[in-house]
Amino acid sequence: MIEYIPSVLGIIFLFIVFGFSHSILASLWLKKKLAGWLGNKIAFYRIFYNLFSIFSLAIIYELSPRPDIIIYDLQSPFDLIILIPQFGSLIGALFSFKYFSTKEFLGIDQIKRYLQNNYSADELDERMSFRIEGPYRYCRHPVYFFSIIFLLFRPVMDLFYITFLVCVILYFWVGSIYEEKKLVEIFGSDYSEYQKYVPAIIPYKLFSPYTINKN
């Protein structure tokens, strides 16, 4: 087992590199700095950021060592039963996306506004709104929650995948902290109040949803 430690550390190191670069590119101070240089061309930053994130994650995934230890391999019918929560989490993630603009998230609306001469550099890379609806009444980051459930439930688990999964969970947790500092700066006391009553990622207050809607 000791011989696999360098492989595990290699996976963790590559993911730290990804998380660090991703967090810097998502930071508010960098976006403000770029907006000062680029003006309303900052409208293209969001789509660049998304493409860079996908590309860099794919590279890290491919470069990561593959320690060949099987943690478990579920047999029938358990290999099919475990897909039920995975499918449910996929539905939950898609449901969560309903409550914000997908085109804004992808960077499409920003480019459209730029081409229509209707983009201000003050928007930085996106127009943000604060809405507490649907799953956002139960946890502040439902997309993270459902993504973790989707990745967690699988019929075969090996050492590479479980290491990668732990890195993803830690990245979501640390990333949410930095993301919320930005949201508090943007939305002020409204978001601070929301943080007091709604869990961050794990929706453990299912029977006491947050009922105040802020727009």
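Which helix gives the largest share of the nonpolar patch? The legends below will take you there, starting with the whole chain.

**Figure 1. Meet the whole protein, a predicted model with ten helices and two strands.** This is a predicted model, in which local features need pLDDT of at least 70, side-chain atom pairs count only at pLDDT 80 or more, and totals for chains, interfaces and linings use all residues. Residues are numbered from 1 along each chain as its sequence is written, and side-chain values use heavy atoms, leaving out hydrogens and water. Helices (H or I, at least four residues) and strands (E, at least two) are DSSP runs, numbered from the N terminus. If you walk along the sequence, you meet them in the order α-α-α-β-α-α-α-α-α-β-α-α. The C-alpha trace spans about 55 × 40 × 30 Å along its principal axes. The protein has 215 residues, and 39% of them count as buried; here buried means under 20% relative accessible area, exposed means over 50%, and partly exposed is in between (1.4 Å probe, protein chains only). Contact means heavy atoms within 4.5 Å. Among contacts between residues at least 6 apart in sequence, 78% join residues at least 24 apart.

**Figure 2. How sure is the predictor about each part of the protein?** The score to look for is pLDDT, the predictor's confidence in each residue, from 0 to 100. Its average over the protein is 88, and 97% of the residues score at least 70. Confidence is highest in helix 8, at 95, and lowest in helix 6 (residues 102-106), at a mean of 85.

**Figure 3. A nonpolar patch lies on the surface.** Eight names to find here are I71, I162, V166, L170, W173, V174, I177 and Y178, which make a patch of about 730 Å². And the answer to the opening question is helix 9, which supplies seven residues, the largest share of the patch. One residue of helix 9 to pick out is L170, which is partly exposed at a relative accessible area of 45%. Patch residues have over 30% relative accessible area and no salt bridge; like charges are joined within 9 Å, and nonpolar side chains (Val, Leu, Ile, Met, Phe, Trp, Tyr) within 5 Å. Accessible areas come from the Shrake-Rupley method with a 1.4 Å probe, and for residues only the protein chains shown count as cover. For the protein, the accessible surface comes to about 12,900 Å², and 69% of that belongs to carbon and sulfur atoms.

**Figure 4. K32 and E185 form a salt bridge.** Side chains of opposite charge can pair when their charged atoms come close. A salt bridge is a side-chain nitrogen of Lys or Arg within 4 Å of a carboxyl oxygen of Asp or Glu, and the count by this rule is four. In the pair shown here, the closest N and O atoms of K32 and E185 are 3.1 Å apart. K32 sits in helix 2 (residues 28-38) and E185 in helix 9 (residues 159-187), so the pair ties together parts that are 153 residues apart in sequence. K32 is partly exposed at 46% relative accessibility, while E185 is exposed at 51%.

**Figure 5. Two salt bridges have buried partners.** For E180 and R140, the closest N and O atoms are 2.6 Å apart. This pair links distant parts of the chain: E180 is in helix 9, and R140 is in the loop between helix 7 (108-115) and helix 8 (142-152), 40 residues apart. Both E180 and R140 are buried. In the other pair, R113 meets E104 at 3.0 Å, N to O. R113 is buried at a relative accessible area of 8%, and E104 is buried at 8% too.

**Figure 6. Helix 7 has buried residues under cover.** Look for D109, Q110, I111, R113 and Y114, the buried residues of this helix. Their cover includes helix 3 (45-63) and helix 6. Just after helix 7, N117 takes a positive phi of about 55°.

**Figure 7. G107 is tucked into a loop as a buried residue.** The loop runs between helix 6 and helix 7, and the relative accessible area of G107 is 0%. Which residues does G107 contact, leaving aside its neighbours within four places in sequence? They are R46, I47 and N50.
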